[in-house]
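Biologist: Please take me through some local features of this chain, with your reasoning for each.

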Amino acid sequence: MRKNLITALSTAVAGLVLLTACGSDREYRPRPKTEEKKLIILGIDGMDPVLVKRYIKEGRLPNIAKMIDGGSFLDLQTTDPPQSPVAWSAFITGLDLDGHGIYDFVHRDPLHLESYLSTSKPVPEETFLGVIPNGGGGHKLLRGGEAFWQRLEKEDVGATMVKIPANFPPAKTDANESMSGMGTPDMLGTYGTFQMITDEPEWKDKHVSAGEIHMVDFSKSDAVQTVLAGPGAEAAVQISIDREKEMALIDVEGEKVLLTAGEWSGWTPVDFGVGLTGSAATHGMVRFHLRGVSPFRLYVSPVNADPSDSDLHITEPPSWSEDMARSIGRFYTQGMAEDTKALVGGVLSDDEFLEQANLVFEERIKMMHHELDTYEGGLLFFYFSSIDQQSHMYYGSMESDALSQYAKYAHVIPELYERMDKVVGDALAKAGDTPVVIMSDHGFAPWTWKVNLNTWLAQQGYLSVHSQGETGKGILGHIDWENTQAYALGLNQLFLNLEGREAHGVVPQEEAAVVMQRIKRDLESWRYAETGQRVVTKAMPAPAGQYVDRAPDLIVGYNRGFRSSDSSAMGAVGNEAIERNEGHWNGDHCMYAGHVPGVLISSKPLGITEASLVDFAPTVLNYFGITPPEGMKGKLLFKSDL
Ligand SMILES: [Zn+2]
């Protein structure tokens, strides 16, 4: 990074008065004079305070325990809903939902009643006369508000943000660096579409969500041809096998990879659209895993953007991804790289998934060391996805009522925390005197019960569906809007079918408050008959601000152990309002925020008793002597001078 910024920082004029802003009683710190201020933040998605306490007691986390001994450890209040895109947007901007405009992983367009991913949208390529490509295209970040490292840059303070979530495409900067994390698509424009090449007949007509199966036939020859799906074009693949040696030679558009059964390949660059006239080939890269030769089973990772030659805008400045790839080699660029979808779809076994998740972790550790070794000052933020993604798969394994196929993996999470502690120890050693803060966007809970909120709304008479066979367009086409007052979409959102806003709204504006109150009361008194537990801890009106077309009317904060089913999140209406979750995705956090706080761990004492995610942006600005802008929520986390 940042030599130019460090120089600028050292010559910056220090403010000598304590500034007060926003009419609050926050006391702001004057700009540092000539010294280079430093701060390292490790963002560990999903790190849970209850587990941290438990594992410290068991002696599993010696480095974190030592850090807390000399510093601070608090629960970190997360956002409602405690979904990663919402929570990280609050971290990035210091704003509530009505300021950053991200309410859920999915939003809905009230006029067309269609859903779209909340943090970014593809922008169609501009064309000349509607035909000839004229540049443009790409993606647009839908998060509102200024990222705090953009403000740092304006004040000549250096910052490097590695794999920061909810920042794709990365917010524009000239000198400060950011690399997009969660929310970054693969080259197919999805959040991760794996492929599998196989000759096993059982896969022939099987539908695998989030994956593509290519059937091949080795019965006549030990060499076959097939394709890999890519962006707008396919890549030709030739495979030769040696059954005796259990080996396969894979040739993808001239790149050759030789694998023995059980082996993972390194990153293999793939050009899609080679030989097609009129446009250049698109660069991507994949990792192969040869699961077996007879039967033949080859897992192919989602096609990631190649950081060494990226067609996707994943870093600011754009050249930084190439610099990084030159320093540490190619690395996963898709947002959440752990292939939970392949595990859930049965394309990777648990052991194979854990190997793949380990590859992601190893890459990230290498990247962290590279960043720490070149770090000279300003802010360094570094993000880890491992605990979040593996907790989704294995948190429920630690529950006493875990299904037996999951219970045998109860060791995964404690071992992962131990491993993370070692990484923290390495970071602390390299940080020296630099203050280090660990934070997570939320904690974790078991996901035992699937809630079909739309089914419940139908049972309560708030929602009607068309009689069979009579459906309209889109994912909500089955809803009979004339007889529907409310519907659910996304993991925690409930919308009124509001007149003047929704395409077929029936709830008059003047009755909206009453209807909402009634639904809130009914939700909060809903008990699951089987266990007597409350299903919803709290249903809260969502602040809309400038985002009236995005904001839900209620945010549904589920009780611990309860979460919306995936199908209800996409608008489906089923038979049962609540079902036992028997799936592999058995840990989650999309419940009431009070059930799943994150962590704030500091190597220096903070002298505070409560902390919230929105406090970070103003705290970091203040730490570097910059007055947080008006409207930024949150208080200062560093009371003492670190
Ligand atoms: Zn998560």
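Modeller: Helices (H or I, at least four residues) and strands (E, at least two) are DSSP runs, numbered from the N terminus. The model discussed here is predicted.

Biologist: Where does Pro317 lie?

Modeller: Pro317 follows Glu316 through a cis peptide bond, with omega near -10 degrees. The elements on either side are strand S21 (315–316) and a helix, and Pro317 is placed in the loop between strand S21 and helix H7 (320–328).

Biologist: Which residue is joined to Pro295 by a cis peptide bond?

Modeller: Pro295 belongs to the loop between strand S19 (288–292) and strand S20 (297–300). Omega is about 0 degrees for the cis bond, and the partner of Pro295 in this bond is Ser294.

Biologist: Is Glu253 buried or exposed?

Modeller: Glu253 sits in the loop between strand S15 (247–252) and strand S16 (255–260), and has a positive phi of about 45 degrees although it is not a glycine. A residue counts as buried if 20 or more other C-beta atoms lie within 10 Å of its own. Glu253 has 20 such neighbours inside 10 Å, so its class is buried.

Biologist: Which strands stand at the edges of the sheet that contains S25?

Modeller: The open, mixed sheet has three strands in the order S30-S25-S31. Strand S25 (residues 449–451) pairs with S30 in the parallel sense over three bridges. One side of each edge strand lacks a neighbour in the sheet because each has a single partner strand; these are S30 (562–564) and S31 (578–580).

Notes:
Residues are numbered from 1 along each chain as its sequence is written. This is a predicted model: local features need pLDDT of at least 70, side-chain atom pairs count only at pLDDT 80 or more; totals for chains, interfaces and linings use all residues. Two strands pair if DSSP finds at least two bridges between them. A residue is buried if 20 or more other C-beta atoms lie within 10 Å of its own, exposed if 12 or fewer, and partly exposed in between; C-beta atoms are placed from the backbone.
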